[in-house]
Amino acid sequence: MLKIETIQDQRLSNWVDGAWREPASKRWIPSFNPFTGQPWYSIADSDTQDVQFAIDAAARASALWREVHAIERGGMLRRLGQLIADNAEALAQLEVHDNGKLLREMRAQIGVLAEQFDYFAGAADKMEGSTIPINRRDVLAYTVREALGVVGIITPWNSPLYQLSWTLGPALAMGNTVVVKPSEHTSASALAIGELVAQAGIPAGVYNVVTGLGATTGDALTRDPRIAKIAFTGSTATGRKVAHNAADHFAQCNLELGGKSPNCVFDDAPFERAVNGVVAGIFAAGGQTCVAGSRIYVQKGILSRFVDALTARAAAIRLGDPRAEETQMGPVAVHDQLHKIGRMVKAARQQGAQVLHGGKQPGAELAQGWFYEPTLLTGLSQDAEIVQEEVFGPVGVVMPFEDEGELIALANDTRYGLTAGVWTQDLDRAMQFAKRVEAGTIWVNTYRAASFTTPMGGFKESGYGKHYGLESMREYSRVKSVMVDYSRTTPDAFVMRVRESI
Ligand code: NDP
């Protein structure tokens, strides 16, 4: 499997039909380590022809893979999960070099990925259809779930392996083949998985990776009519383009898009737990998560005490080398993103924001990397850009509220609807929040809790479709109805009877 030592200064080709394939384009793109700010390997800058090679391979393999018995597919996926666990340290190191995630966090995450593949392996042979009583004697009606065909997977840079796996598990378990286009900034782990897929005994062509730029490689993938479904994780703006392309050839979409999640603290919240939950909600992974609790609403009775505690905790966060055990926050994964964060905070200041902590890049010893301080702002109105738009960095805005009615209106005042958190000891209030807030996941007295057994996915402009759980197995399958007439009447008679009944 690819490792940091073998990748350093190398050109990584595409993984197509079970082998490394140089791009027909003959073009390459450098990939950077955000901690050093230096390029460390190159990926193929694939063109339309490269994408077509990959889809050809996936389409050929589709006929075979869908015929492999679900129990056997499950067995291969279980082996893939085990291989991921066996190579956890090397995969964790790759992700850390590629996007600056904490090594500690990556080790834990990859452990969960192995369990996740195990879950979908177990689900492969449990997607039952149904038999349906109909109003005709001696006619059996039943449904089966079958694979969609070739699934295109497009992933962002913030959690590359995690976001690949939540589609890969159910898509392969249901008998689909895939073509993956990872982010140009973080392609190493998706490529590394190719060899593990082969070692797991999964046939060539079932898993393919074409790297390159979104506007060219990604666009070509979404336009090809052989793609039955596009599983896209990324920004709302790109998701909209993907959905337009998919509509042209009636491909299904699963869109996991942006968020601007409210994390809401009532006066009666369990105070220390709420502080911890709000800190983790916005600063975990440097705020580079779709579920970041970036709108922090605090009830007026505890506002000043809560803000003091929050600010002290933000100030204590240790930035540094993501490989070091003591580091609590690493760099921003992408250079343009660092600029975007700076620009949005500057605009917020011009709109009257008061900076409680942070608001800049840190000093000298971290200057070579792409760091931004944990930042807390206040004094902004609900319509300020930074309250309404996703920053995708370590920036939270604290805002006061009076009562439950006002809070629910504020929480819903966003074009996004991915997640929302509430901190209170009043059960009725928590349940009303869960019912009335428009978000795909609601957390009560916790934040960022996720499990591969529980469906996750946004509402509104955060997208549609679900990852995780049996719900995601349904996402990557289609229902076929079959009717069998065993009444010994002539086929024409059956057709006539059905016609009469419509
Ligand atoms: P982008 O939307 O810019 O990119 C996501 C992926 O789409 C990348 O692989 C990108 O390629 C590709 N892409 C870009 N343009 C096109 C196009 N025209 N056609 C097809 N593919 C294209 O998002 P980021 O990578 O910047 O990721 C951050 C965003 O992802 C945030 O907004 C965040 O909220 C969202 N996100 C959502 C999650 C969720 O579960 N809801 C989870 C994680 C992130 P390339 O990078 O190579 O240009």
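Two strands are said to pair if DSSP finds at least two bridges between them. With that established, good morning, and let us turn to the structure, which is a predicted model.

I begin close to the N terminus. Strand β1, residues 11–12, pairs with β5 in the parallel sense over two bridges. Within that pairing, leucine 12 stands opposite isoleucine 43 of β5. Strand β4, residues 28–33, is also joined to β5, here by six bridges and in the antiparallel sense. One facing pair there is serine 31, opposite tyrosine 41 in β5. β4 and β5 form a hairpin, with four residues between the two strands. In the turn, glycine 37 has a positive phi of about 75 degrees.

How far is β5 enclosed by the rest of the structure? Five of the seven residues of this strand, which spans residues 38–44, are buried, so β5 is largely enclosed.

As general background, strands of a sheet pair through backbone hydrogen bonds, either parallel or antiparallel.

The next item is an open sheet of three strands, in the order β6-β7-β23, with antiparallel pairing. Its edge strands are β6, residues 131–132, and β23, residues 477–485, each of which pairs on one side only. Strand β7, residues 139–147, is joined to β23 by nine bridges. Along this antiparallel pairing, tyrosine 142 stands opposite valine 482 in β23.

I move now to strand β17, residues 395–401. This strand is mostly covered, with six of its seven residues buried. Strand β14, residues 295–299, runs parallel to β17 and is joined to it by five bridges. In that pairing, tyrosine 297 stands opposite methionine 399 of β17. Strand β16, residues 375–378, also pairs with β17 in the parallel sense, over three bridges. There, threonine 375 stands opposite valine 395 of β17.

Let me come to the ligand. Where does the ligand sit? It is found in the largest pocket. There are 31 residues around the ligand, and those that come nearest are Thr155, Lys181, Ser235, Leu257 and Glu390.

Three contacts can be described in detail. For threonine 155, a backbone N or O atom lies 2.7 Å from an oxygen atom of the ligand. For lysine 181, an N or O atom in the side chain is 2.7 Å from a ligand oxygen atom. For tryptophan 157, a polar side-chain atom lies 3.1 Å from an oxygen atom of the ligand. Taken alone, the ligand exposes 900 Å², of which the protein buries 89%.

Which elements supply the shell around the ligand? At least two residues each come from α6 (160–173), α8 (214–223), β11 (227–233) and α9 (236–248). The largest share, four residues, comes from α8.

My last point concerns proline 182, in the loop between β9 (177–181) and α7 (188–199). Is this proline buried or exposed? The cut-off for buried is under 20% relative accessible area. Proline 182 has a relative accessibility of 1% and therefore counts as buried. Proline 182 and aspartate 47 are 135 residues apart in sequence, and their C-alpha atoms are 14 Å apart in space.

To close, I return to two of these points: β5 is largely enclosed by the rest of the structure, and the protein buries 89% of the area that the ligand exposes when taken alone. Thank you for your attention.

Methods:
Residues numbered from 1 in each chain as written. Predicted model: local features only at pLDDT ≥ 70, side-chain atom pairs only at ≥ 80, totals over all residues. Heavy atoms only, no water. Buried < 20%, exposed > 50% of the residue type's maximum accessible area, 1.4 Å probe, protein only. Near = heavy atom within 4 Å. Polar contact = N/O pair within 3.5 Å; in protein donor to acceptor, adjacent residues only side chain to side chain. Areas by Shrake-Rupley, 256 points an atom, 1.4 Å probe, with all protein chains shown as cover. 1 Å grid on protein atoms, 1.4 Å probe; cavity = no way out; pocket = protein on both sides within 12 Å on 5 of 7 lines; lining within 4 Å. Sits in = over half its atoms within 2 Å of the grid points.
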